[in-house]
There are 4 protein chains.
Amino acid sequence: MTDSTSARVRAASAKRRRLTAAAAEVVHRQGAERTTIADIARAADVPVGNVYYYFKTKDELVAAALDEHARHLGELTERLERLPDPRDRLKGLVEAWVGQRDVAARYGCPTGTLAAELDKRDEGGLDAEAGKVIRLLLDWVEQQFRELGLPEPDGLALTLVGAYQGMSLLANALRDPGIMTREGARLLAWIDSLEA
Amino acid sequence: MTDSTSARVRAASAKRRRLTAAAAEVVHRQGAERTTIADIARAADVPVGNVYYYFKTKDELVAAALDEHARHLGELTERLERLPDPRDRLKGLVEAWVGQRDVAARYGCPTGTLAAELDKRDEGGLDAEAGKVIRLLLDWVEQQFRELGLPEPDGLALTLVGAYQGMSLLANALRDPGIMTREGARLLAWIDSLEA
Amino acid sequence: MTDSTSARVRAASAKRRRLTAAAAEVVHRQGAERTTIADIARAADVPVGNVYYYFKTKDELVAAALDEHARHLGELTERLERLPDPRDRLKGLVEAWVGQRDVAARYGCPTGTLAAELDKRDEGGLDAEAGKVIRLLLDWVEQQFRELGLPEPDGLALTLVGAYQGMSLLANALRDPGIMTREGARLLAWIDSLEA
Amino acid sequence: MTDSTSARVRAASAKRRRLTAAAAEVVHRQGAERTTIADIARAADVPVGNVYYYFKTKDELVAAALDEHARHLGELTERLERLPDPRDRLKGLVEAWVGQRDVAARYGCPTGTLAAELDKRDEGGLDAEAGKVIRLLLDWVEQQFRELGLPEPDGLALTLVGAYQGMSLLANALRDPGIMTREGARLLAWIDSLEA
DNA sequence: GATGAATGAGCTTTCATTCAT
DNA sequence: GATGAATGAAAGCTCATTCAT
């Protein structure tokens, strides 16, 4: 493989990455249904006709957007795992959520709103994909609760992640980032209050 | 003549009501964006062209669907208010949510998912409408907490309604009605545990 | 025929007259194509469904609008014929045109613009109708020139009416009523300058 | 590659030009309102959906038709300007009008009828566009009168162009090309008669 | 006759996807 | 691989006309 070939491959991958990132962002802002391929192509600065070399259908692009959100989640949990105390990790998670309050108040939780939208579909199997990303988050949270030795770590995970989805939705529907702050504080106190 | 006239009027209103009900249901199942006027017309057994006699635009139909959900909510709270104890009212509300667990697991909370979808829009003002319906619920819940003499009833309302939205979203994303049951039980216990 | 019957007939005719007048005005302002039956019905304060008792088709309404303009023209020429001198009649005609300068600058000559619009059609025969109304005007003008003993009265009529149509169109296209005033003055001088 | 590229570009532009020419012609014949996008697409031999690649809305196509007429006018005046005597230029203009007598008798002056139609609109700003094209003609005519050293060249221009619009409308309404010939002859004599 | 409601054909526009080079 | 252009299947909406009472 010559230099120019690998350069080409690298450039191609760069385009794919740009399209993925653009899809994640634009779909978060506009929703999957209202987002056109042209929207994403424009945001990624890729010619429309070229998109189809990287993604065979629009659904694949939406799936890529989901993957991108999963990747972001992975980066976040990886960072949090450097903290020795699982309790601190969970609190760090909540703080990360609150840190995104303005985006949440404007567009909701990227994964949650996308899951809600995709669940309205019957075909394509994309609905299941969205569930998987949320499951990733649930599993990680559950693991932290388990390491804390708390009973029913799965139930606690549902409660915490559910609270996050709920407060994001309310903040979004009421356009009020303050809801994220307030509920975030409550969740931090709640985490602190849990005892084995 | 009077009879047939009022029959006509009744029939006409009946059609409008049929369209509203159909819109509420189909939009809940498919989402506003994926729902076509023809879908709603078919569900209401009304010719497509005739829909526009009752609703000037698709957005008006979506707004009618929202109103319908607000009406349902009104009926529910009215029924609950017959209970003398505000605590019982709130518990009745949670039980109603759990009673809808299968629908929630399949399509999410009607108002919540619609709010999330409409909030992706910039124009039309429908996004604000969805927020208002959620506000109705929040206000009613807050009022119950206030009557119980609890501090920060608005914060408690956010927590309860947020939990509902969150558990609906998770149940929907994971297609698991059990989540509604489990979290519902937790909320009932939480309500019981609150003291002035 | 009882009183109530004739009252009904009178009322019905009144409706027909109202519809005709409304058609003439609304069509002049919006053009035949952009005018809906509902527009005319609203302007005439007649229920839409009722229009069809007086006019079987939209084209009949447009034809009625044309007749209305012909009637207006008839009233004008009748008034002018009270003047003993044909030259004064022609000058009175020009003055009437100039008197309508604001309407002309906004919507053009009612008959001329309607004729231009209807002439784009192949079917229905309405195009010929519009020509007839213009012919009425031409004939009357020609008759005045003839009474003045001028040669080629038909050619003079074409020149005068053509000038009117042209200045109306320019005034309309440039939205400048001053054109009506200026060209009107020129036509008055021209009429005065003609000698047998 | 360069050849085929430029061929592609040329072909693409050719399509746009074909659409523009078709729009100019079909709109002249049928009027803007009665002309459908499908009509123009068919005349240009372009699939309907593809039209929107070149023109975002129907109004843009109508504007293109107007531009086309302005272009035709520009070509004509450019040709006339090769004549040294402004008087000959004006007479050449009148002769060009008379040369179009059959088209005028069938469909009227392209710019005049379009202006009359578009002036019935309130929105879109297309009405002003039509006025601009007529202004171009007025300005050119005025310039010729000015070069002849005649007083009030702007008024003379209004008279000449107004006469053209008027005779076109009458020829059209009465379906008589002879009107163009007759009035054309009169205008030629009039131009000859003017002295500084 | 009178009237609100019904009907369906037709129009503009959008957009995912495919094609030709 | 890259790209502008092409394609056609919807979708929302309008409106002349007809219907039922």
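1. A note on annotation comes first: UniProt positions are given here in the numbering used for this structure, feature names are shortened, and annotations may be inferred rather than shown by experiment. With that understood, the unreviewed UniProt entry lists residues 13-73 of chain A as "domain: HTH tetR-type". The structure discussed below is a predicted model. Over residues 13-73, chain A is 75% helix and 0% strand, and the C-alpha atoms at the two ends are 22 Å apart.

2. The overall architecture of chain A is helical, with 10 helices and zero strands. Read along the sequence, the pattern is α-α-α-α-α-α-α-α-α-α. The C-alpha trace of chain A spans about 60 × 40 × 30 Å along its principal axes. Of the 196 residues in chain A, 52% are buried. Among contacts in chain A between residues at least 6 apart in sequence, 67% join residues at least 24 apart.

3. The next point concerns the pairing of chains A and B. A turn of 179 degrees with a shift of 0.0 Å along the axis lays chain B on chain A, with an RMSD of 0.1 Å. The same surface serves both copies, as 100% of the contact residues of chain B recur in chain A. Within chain B, the residue that comes closest to the rotation axis is B:Gly166, whose C-alpha atom lies at 2.0 Å.

4. Chains C and D may be considered in turn. Chain C superposes on chain D through a rotation of 179 degrees and 0.0 Å of shift along the axis, with an RMSD of 0.1 Å. That is the relation of a two-fold axis. Of the residues of chain C, C:Gly166 comes closest to this axis, at 1.9 Å for its C-alpha atom. Because 100% of the interface residues of chain C are also interface residues in chain D, the copies meet through the same surface.

5. The surroundings of DNA strand F deserve attention. The strand is surrounded by 27 residues, and the closest are A:Tyr54, D:Lys15, D:Pro47, D:Tyr53 and D:Tyr54. Of the atoms of DNA strand F that come within 4 Å of the protein, 71% belong to sugar and phosphate. The residues of the surface near DNA strand F divide into 11 nonpolar, 11 polar and five charged.

6. Which helices supply at least two residues each to the surface near DNA strand F? They are helix H3 (48-51) of chain A, together with helix H1 (2-30) and helix H3 (48-54) of chain D. The largest share, four residues, comes from H3(D).

7. Individual polar approaches to DNA strand F involve both base and phosphate atoms. A polar side-chain atom of A:Tyr53 lies 3.1 Å from a base nitrogen of the strand. For B:Ile37, a backbone N or O atom lies 3.1 Å from a phosphate oxygen of DNA strand F. For C:Lys58, the distance from a backbone N or O atom to a phosphate oxygen of DNA strand F is 2.8 Å.

8. Helix H2 (residues 37-44) of chain D has D:Ile37, D:Asp39, D:Ile40, D:Ala41 and D:Ala44 as its buried residues. An α-helix has 3.6 residues a turn, so residues three or four places apart point the same way. Just after H2(D), D:Asp45 takes a positive phi of about 55 degrees.

9. In chain C, the loop between helix H2 (37-44) and helix H3 (48-51) contains C:Val46. Is C:Val46 buried or exposed? C:Val46 counts as buried because its relative accessibility is 5%, under the 20% cut-off. Leaving aside residues up to four places away in sequence, C:Val46 touches C:Lys15, C:Arg18, C:Leu19, C:Ala41 and C:Val51. C:Gln144 stands 98 residues from C:Val46 in sequence and 41 Å from it in space, C-alpha to C-alpha.

10. A further buried position is found in helix H9 (residues 153-173) of chain D, namely D:Ala171. D:Ala171 has a relative accessible area of 0% and is therefore buried. Residues up to four places away in sequence excluded, D:Ala171 touches D:Ala105, D:Asp176, D:Ile179 and D:Met180. D:Ala171 and D:Arg106 are 65 residues apart in sequence, yet their C-alpha atoms are 8.0 Å apart in space.

Note on methods:
Residues are numbered from 1 along each chain as its sequence is written. Chains are lettered from A and ligands numbered from 1 in the order in which they are written. This is a predicted model: local features need pLDDT of at least 70, side-chain atom pairs count only at pLDDT 80 or more; totals for chains, interfaces and linings use all residues. Side-chain values use heavy atoms; hydrogens and water are left out. A residue is near a molecule or strand if one of its heavy atoms lies within 4 Å of it. A polar contact is a pair of N or O atoms within 3.5 Å; within protein, one must be able to donate a hydrogen and the other to accept it, and residues adjacent in sequence count only if both atoms are side-chain atoms. Ala, Val, Leu, Ile, Met, Phe, Trp, Tyr, Cys and Pro count as nonpolar, Asp, Glu, Lys and Arg as charged, and the others, Gly among them, as polar. Buried means under 20% relative accessible area, exposed over 50%, partly exposed in between (1.4 Å probe, protein chains only). Contact means heavy atoms within 4.5 Å. Copies are superposed by least squares on the C-alpha atoms of residues with pLDDT of at least 70 in both.
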